[in-house]
Amino acid sequence: MCNNTYLIAAPTSACGKTTVTVGLLRALRDRGMAVQPFKTGPDYIDTQYHQIAVDRASVNLDSFMQSPEHMQHLFHHYGSDADACIVEGAMGLFDGYDSWHGSSAEVARQLGLPVVLVVSARSVAYSVAPLLYGFGHFMEQVHVAGVVFNMVASARQERVLQQAANDAGVACLGFMPRNEALSMPSRHLGLDLSHKQDMEHLIQLAATAVEQNINIDQLLSTHRAHKPHEPHKPHEPYTPHPLRILIAHDEAFSFTYRANIDALRRMGEVVFFSPLHDTELPDCDILYLLGGYPELYADRLAANEAMRSAIRQYAMNDGRVLAECGGFMYLCRELDGLPMCGVFEHRATMQGARLHLGYRQMECAGVSYRGHEFHYSSVMAQAQPDVRCITNQSSATGTPVDTAIYRYRNVVAGYSHWYLGETPIEALWKL
């Protein structure tokens, strides 16, 4: 396991964690280092920036969806051949689903990761000293090893911030100047992940800024002295089966966890296909329709009548299907008036869009499934024979939620994205 391991966090959202993370990932790669990126929480966007930055798939670490033993296995398994492992946090360092539980701090504590705070310098002066002191001393098991000030306005402000960090006893690793060109695109609906050239340009700008303004040698030296927790025995929840698993993956469908794909590979052969570009559905034992942004490509999905018909026929022939969020919308009769697969008579729409967000959990055939819900669209259910609606999901704190899971023949579909890295997918068809 590499010795250069650390988590990049912040006191709040919008401090520039992703900018610093992707810049550092690329800067370290350009130094010839093998860098493994990670992301805390159920995020699909930042992980794609990570992958472009270092040409290496990012791995989600989540203390709600994963047991401590499984998370430690993931971290050491994927980082075993890396020179550096960088974990990007989510929201504020101690922000979780229930006080600090589920937070980046919990991940840092479980994995023994030192924390680098990214602090926004907008309208900030010496009063940042007690903030730094508080983050550094709030929880003994969470070690704040340094701070990077972002969006710094002037050399005078740098001197004030440097003094504040010194007096708080936190190492100052650098000052990133204000630069509107480094603003990340909106995370909500409308971000088109197919624009990889724009993402590459932003990453390179961030890497240049990191090289020029952060003392990378000091950062690496600081964290080389830290010894991470030893790995636990890998969690192997089931025996591999000779299955052929078909996964939708293209511009419209791309939201999943790397550990999900690797878990499915332990069951057999994984084959990717494109509902946008392909016209034939390959033979398979399980069809997995990922989430994504089908609404951005609804006209092209509608135009590919051959694929829509093939998927509908597969479902009507009792083929096993798992469809999550965007994949569920694709199985509906229509999406804002455009024809989709028609497995369900429901109508999906972006009209009146509002955010639905939160962790989800449910029990199925003695298996505890955990996942996450994040979408702006809605589905208007229509009466349909033989369609069962199961609404026994709850939030992370056990509060019942009304998010539906639909079962039609061997099709299981709904808005929740399930974490399958530690739980067998087969139990879903026992609903």
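Me: Exposed means over 50% relative accessible area, buried means under 20%, and partly exposed is what lies in between. The model here is predicted. Why is E180 called exposed?

Reply: The relative accessible area of E180 is 56%. The cut-off for exposed is over 50%, so a residue with this value counts as exposed.

Me: Why does R122 count as partly exposed?

Reply: R122 has a relative accessibility of 38%. That value is neither under 20% nor over 50%, so R122 is placed in between.

Me: What makes R122 and E180 a salt bridge?

Reply: The closest N and O atoms of R122 and E180 are 3.2 Å apart. The limit for an Arg nitrogen and a Glu carboxyl oxygen is within 4 Å, so the pair qualifies. R122 sits in the loop between β5 (115-120) and α5 (128-137), while E180 sits in the loop between β7 (172-177) and α7 (196-213), so the bridge ties together parts that are 58 residues apart in sequence. Side chains of opposite charge can pair when their charged atoms come close.

Me: Why is the pair R265 and D262 separated by about one helical turn?

Reply: Both residues belong to helix α9 (residues 258-265) and are three residues apart, which means about one helical turn between them. Their salt bridge has its closest N and O atoms 3.3 Å apart, and R265 is partly exposed at 43% relative accessibility.

Me: What makes E373 and R360 a salt bridge, and where do the two residues lie?

Reply: The N to O distance is 2.7 Å, and the cut-off is within 4 Å, so the pair is a salt bridge. The pair links distant parts of the chain, with E373 in strand β18 (residues 367-375) and R360 in strand β17 (residues 356-364), 13 residues apart.

Me: Are E373 and R360 buried or exposed?

Reply: E373 has a relative accessible area of 2%, and R360 has 8%. The cut-off for buried is under 20%, so both count as buried. Elsewhere, R31, E211 and D217 are joined into one network by salt bridges that share partners. A search of the whole structure gives 14 salt bridges.

Me: Why are β17 and β23 called edge strands?

Reply: The sheet is open, with three strands in the order β17-β18-β23 and antiparallel pairing. Each of β17 and β23 (417-418) pairs on one side only, and that places them at the edges.

Me: How do you know that β18 and β23 pair?

Reply: There are two bridges between β18 and β23, in the antiparallel sense. Pairing needs at least two bridges, so the requirement is met. G371 has W418, in β23, as a bridge partner.

Me: What makes strand β1 (residues 4-9) largely enclosed?

Reply: Six of the six residues of β1 are buried, so the rest of the structure largely encloses the strand. In a regular strand the side chains alternate between the two faces of the sheet. Here N4, Y6 and I8 are buried on one side, and T5, L7 and A9 are buried on the other.

Me: Which strands pair with β1, and in what sense?

Reply: β1 pairs with strand β4 (residues 84-88) in the parallel sense over five bridges, with Y6 and I86 as bridge partners. β1 also pairs with β5 in the parallel sense, over three bridges, and there A9 stands opposite L117.

Me: Which residues touch the most other members of the largest nonpolar core?

Reply: That core has 87 residues, and L28, L93, L117, L132 and F149 touch the most other members. Beyond neighbours within four places in sequence, F149 contacts residues including V119, V128, L161, C172 and M176. A second, separate core has 66 residues, among them A248, I261, A298 and I311.

Me: Why is the protein chain called as compact as a globular protein of its length?

Reply: The chain has twelve helices and 23 strands. Its radius of gyration is 22 Å and the globule rule gives 22 Å for 431 residues, so the chain is as compact as a globular protein of that length. Along the principal axes, the C-alpha atoms fill a box of roughly 70 × 45 × 40 Å.

Me: What share of the residues is buried, and what share of contacts joins residues 24 or more positions apart?

Reply: Buried residues account for 58% of the 431. Among contacts with a separation of 6 or more, 74% are between residues 24 or more positions apart. The chain exposes about 17,400 Å², with carbon and sulfur atoms supplying 49% of it.

Key:
Residues are numbered from 1 along each chain as its sequence is written. This is a predicted model: local features need pLDDT of at least 70, side-chain atom pairs count only at pLDDT 80 or more; totals for chains, interfaces and linings use all residues. Side-chain values use heavy atoms; hydrogens and water are left out. A salt bridge is a side-chain nitrogen of Lys or Arg within 4 Å of a carboxyl oxygen of Asp or Glu. Helices (H or I, at least four residues) and strands (E, at least two) are DSSP runs, numbered from the N terminus. Buried means under 20% relative accessible area, exposed over 50%, partly exposed in between (1.4 Å probe, protein chains only). The radius of gyration is taken over C-alpha atoms; the globule rule is 2.2 Å times the number of residues to the power 0.38. Contact means heavy atoms within 4.5 Å. Accessible areas come from the Shrake-Rupley method with a 1.4 Å probe; for residues, only the protein chains shown count as cover. A nonpolar core is a set of buried Ala, Val, Leu, Ile, Met, Phe, Trp, Tyr and Cys residues joined through side-chain atoms within 4.5 Å.
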